[in-house]
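Okay, thanks everyone for coming. I'd like to walk you through one structure today, starting with a single residue and working outwards.

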Amino acid sequence: MSIEKHCGYVAIIGRPNVGKSTLLNHLLGQKISITSRKPQTTRHRLLGIKTEADTQIVYVDTPGLHQRHHNAMNRYLNRAATNSMVGVDVIVWLVEALHWTKEDTFVLNTLKQSSAPIILGVNKIDKISDKNALLPYLKEVATRYDFLEIIPISASKGHNLVELETKITQLLPITTFLFPEEQITDRTERFLAAEFIREKLVRRLGAELPYRLTVEIEHFSSDKNLTHIAALIWVEQHGQKVIVIGKKGKILKAVGEEARKEMEAMLECKVFLQLWVKVKKGWCDNERALQQLGYSEE
Ligand SMILES: Nc1nc2c(ncn2[C@@H]2O[C@H](COP(=O)(O)OP(=O)(O)OP(=O)(O)O)[C@@H](O)[C@H]2O)c(=O)[nH]1
Ligand SMILES: [Mg+2]
């Protein structure tokens, strides 16, 4: 007698910075999606696949939906997020406890176009000192849409994530697994290597600079116990290049060291990492340049 299997896609949607990627990493128990305190950290749709016993949940991490439309990159991010909602079995919409913004209303209006059931995850409850403030907030958000469920969570501390996942599992269709049981993402190690570098840059650099750079892997090869990786960091202007490199190359060196350690943990071998910074004028607002740098919807 064969056991019934449950499997389906679960999109994690929300405005920038609410904790979508943190949630994905915590649910998987492994870091595959980069995170930072700055909005618009995630730029690509990315799958995180969790297989346990007879259930396979295919989480979809997405760029934050936002209302900045001034360049081609901003528009690409919204397109990638919106397209990720199509055909999924469940949507987990994240908002931040006690912090409803105009962008949340924008997300709500976008979500109304989807037919998938929506679970509202009210994140960052660990930040609330006055626990009595949460209940009125939950009551208030409940009036905004006919949510299947509203679950207060902490993605970083792991509060209520079992409850969230139990609810998700109940909503998955009965079907064979879509991915091999040992697979955890649809992205290559090469892609993740570029993302680890970008994360270190985004976390270290202030103001607008994180939005003006991207990372491209130029070379990735392995022999026995060593992986060689060469990456280009693209910026828009010479002045940005100077900042990214830092005085006496200090910033670039620190970024390289931090990223290399993460790559070594992921690849379980020594990594030799080389970084270069280059200027490509106006790449953020140039559809062709964006495509060449990997920002295109598959
Ligand atoms: N205190 C607290 N901080 C959290 C929690 N979840 C996420 N964060 C923090 O919120 C910030 C944003 O987290 P991300 O996971 O990068 O947010 P995101 O929604 O993926 O953001 P984008 O990719 O920019 O759309 C980071 O500094 C996280 O550490 C939480 O449950 N509690
Ligand atoms: Mg993210």
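Before anything else, one cut-off: I call a residue buried when its relative accessible area is under 20%, counting protein chains only. And keep in mind that this is a predicted model.

So, with that cut-off, take R212. Its relative accessibility is 17%, and therefore R212 counts as buried. You'll find R212 in the loop between α6 (189–204) and β7. What does R212 touch, leaving out residues up to four places away in sequence? The list is N71, W234, V235, E236, Q240, W283 and C284. Two of those names, W234 and W283, come back in a minute.

Right after that loop we get to the sheet. Three strands, in the order β7-β8-β9, make an open sheet with mixed pairing. β7 (214–223) and β9 are at the edges with a single partner strand each, so each of them has one side without a neighbour in the sheet. On average, neighbouring strands here are turned by 15° against each other, if you ignore direction. Looking at one pairing, β7 runs antiparallel to β8 (residues 226–235), with 9 bridges. If you want a register point, E216 is opposite L232 in β8.

Now the helices on that sheet. α7 (residues 238–245) packs on it and touches β8 and β9, with its direction at about 150° to that of β9. Then there's α8 (residues 250–267), which lies across β7, β8 and β9 and runs at about 140° to β9.

Okay, rings and charges. Remember W234? The charged end of K280 sits over the W234 ring, 4.4 Å from the centre. There's another case like that with an arginine: R68 lies over the face of Y211, at 5.5 Å from the ring centre.

As for ring-on-ring, the structure has 5 aromatic pairs. For W93 and W100, the centres are 5.7 Å apart and the planes are at 70°, so that pair is edge-to-face. W93 and W100 are both buried. They also belong to a cluster, where ring pairs link W93, W100, Y145 and F147.

And here's W283 again. W283 and Y295 have ring centres 6.2 Å apart and planes at 25°, so this pair is stacked. It links distant parts of the chain: W283 is in the loop between β9 (270–279) and α9 (287–292), while Y295 is in the segment after α9, 12 residues apart. W283 and Y295 are buried too.

Let's move to the other end of the chain and talk about β3 (residues 55–61). How many residues of strand β3 are buried? It's 7 of the 7, so the strand is largely enclosed by the rest of the structure. In general, side chains in a regular strand alternate between the two faces of the sheet. Here T55, I57, Y59 and D61 point one way from β3, Q56, V58 and V60 point the other way, and every one of them is buried.

Who are the partners of β3? On one hand there's β1 (residues 6–13), which runs parallel to β3 with 7 bridges, and G8 stands opposite I57. On the other hand there's β2 (residues 46–52), which pairs with β3 in the antiparallel sense, also over 7 bridges. In that pairing L47 faces V60. β2 and β3 make a hairpin with 2 residues between them, and A53 in the turn has a positive phi of about 50°.

There's a similar story at β5 (residues 118–123), where 6 of the 6 residues are buried. On one side you have I118, L120 and V122, on the other I119, G121 and N123. The partner I'd show you is β4 (residues 90–96), parallel to β5 over 6 bridges, with E96 opposite N123.

Last stop, the metal. Which protein atoms are donors to the magnesium ion, ligand 2? They're S21 (OG) and T42 (OG1), lying 2.0 to 2.1 Å from the ion. S21 is in helix α1 (residues 20–28) and T42 is in the loop between α1 and β2, so the pair ties together parts 21 residues apart in sequence. By the cut-off I started with, both are buried: S21 has a relative accessible area of 7%, and T42 has 11%.

That's my tour, happy to take questions.

Note on methods:
Residues are numbered from 1 along each chain as its sequence is written. Chains are lettered from A and ligands numbered from 1 in the order in which they are written. This is a predicted model: local features need pLDDT of at least 70, side-chain atom pairs count only at pLDDT 80 or more; totals for chains, interfaces and linings use all residues. Side-chain values use heavy atoms; hydrogens and water are left out. Rings of Phe, Tyr and Trp (its six-membered ring) pair if their centres lie within 6.5 Å; planes under 30 degrees apart count as stacked, over 60 as edge-to-face and the rest as tilted. Buried means under 20% relative accessible area, exposed over 50%, partly exposed in between (1.4 Å probe, protein chains only). Helices (H or I, at least four residues) and strands (E, at least two) are DSSP runs, numbered from the N terminus. A charge sits over a ring if NZ of Lys or CZ of Arg is within 6 Å of the ring centre and within 35 degrees of the ring normal. Two strands pair if DSSP finds at least two bridges between them. Axes are lines fitted to C-alpha atoms, for helices over the stretch in contact, and angles run from 0 to 180 degrees between N-to-C directions. Contact means heavy atoms within 4.5 Å. Donors are N, O and S atoms within 2.8 Å of the metal (3.2 Å for Na, K and Ca); water is not among the atoms, so sites may look incomplete.
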